[in-house]
Amino acid sequence: MHPEDAARRQLAAGSEVKVWNERGEVILPLKLTDAVPRGVVASEKGAWLATSRTGQTVSALVSADMRADLAEGACFNDTRVEVGPA
């Protein structure tokens, strides 16, 4: 998350944050960088359901309605979410 976005939400680097939308929520450690544009949050792949406090990973936050033509895999790059303290 961009540092300015985190400051507006009173979130500190290294704290746990809740990332959510109408589809679900996940708890993630917050990393701040100006490499991520303002108004955007990024989550890399790598979280496992077994380590999730909410029983969901960021994949739960995106629509499952669209499928790629290759093995009907996921075809998304973004979704709207909110971020706040966990």
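**Sheet, pocket and an N-terminal helix contact**

In strand β2, L28 is the bridge partner of V17. The model analysed here is predicted. V17 belongs to strand β1, which spans residues 16–21. Strand β2 covers residues 24–29 and runs antiparallel to β1, with six bridges between them. A second facing pair is V19 and V26, the latter in β2. The connection from β1 to β2 is a hairpin, made through two residues.

Strand β1 also pairs with strand β3, residues 82–85. This pairing is antiparallel too and comprises four bridges. Here V19 stands opposite V83 of β3. V19 therefore has a facing residue in β2, V26, and another in β3, V83.

The three strands form an open sheet with the order β2-β1-β3 and antiparallel pairing. Strands β2 and β3 lie at the edges because each has a single partner strand, so one side of each lacks a neighbour in the sheet. From one strand to the next, the twist averages 30 degrees.

The two faces of β1 differ in cover. V17, V19 and N21 make up the covered face. E16, K18 and W20 make up the uncovered one. Both V17, the partner of L28, and V19, which stands opposite V26, are thus on the covered face.

The sheet also contributes to a pocket. The largest pocket holds about 1400 Å³ of space. Its lining counts 40 residues, and those closest to the centre are L28, A42, S43, E44 and V58. L28 is also the residue that bridges to V17. Each of β1, β2 and β3 supplies at least two residues of the lining. The largest share, four residues, comes from β2. By class, the lining of the largest pocket has 20 nonpolar residues, eleven polar and nine charged.

Outside the sheet, E4 sits in helix α1, residues 3–8. Its relative accessible area is 38%. E4 is partly exposed because this value lies between the cut-offs of 20% for buried and 50% for exposed. The side chain of E4 makes a polar contact of 2.6 Å with that of R38. E4 and P37 are 33 residues apart in sequence. In space, their C-alpha atoms are 9.8 Å apart.

Terms used
Residues numbered from 1 in each chain as written. Predicted model: local features only at pLDDT ≥ 70, side-chain atom pairs only at ≥ 80, totals over all residues. Heavy atoms only, no water. Buried < 20%, exposed > 50% of the residue type's maximum accessible area, 1.4 Å probe, protein only. Axes fitted to C-alpha atoms, helices over the stretch in contact; angles between N-to-C directions. Polar contact = N/O pair within 3.5 Å; in protein donor to acceptor, adjacent residues only side chain to side chain. 1 Å grid on protein atoms, 1.4 Å probe; cavity = no way out; pocket = protein on both sides within 12 Å on 5 of 7 lines; lining within 4 Å. Points joined across faces, edges and corners; volume = space filled by probe spheres on them. Nonpolar A, V, L, I, M, F, W, Y, C, P; charged D, E, K, R; others polar.
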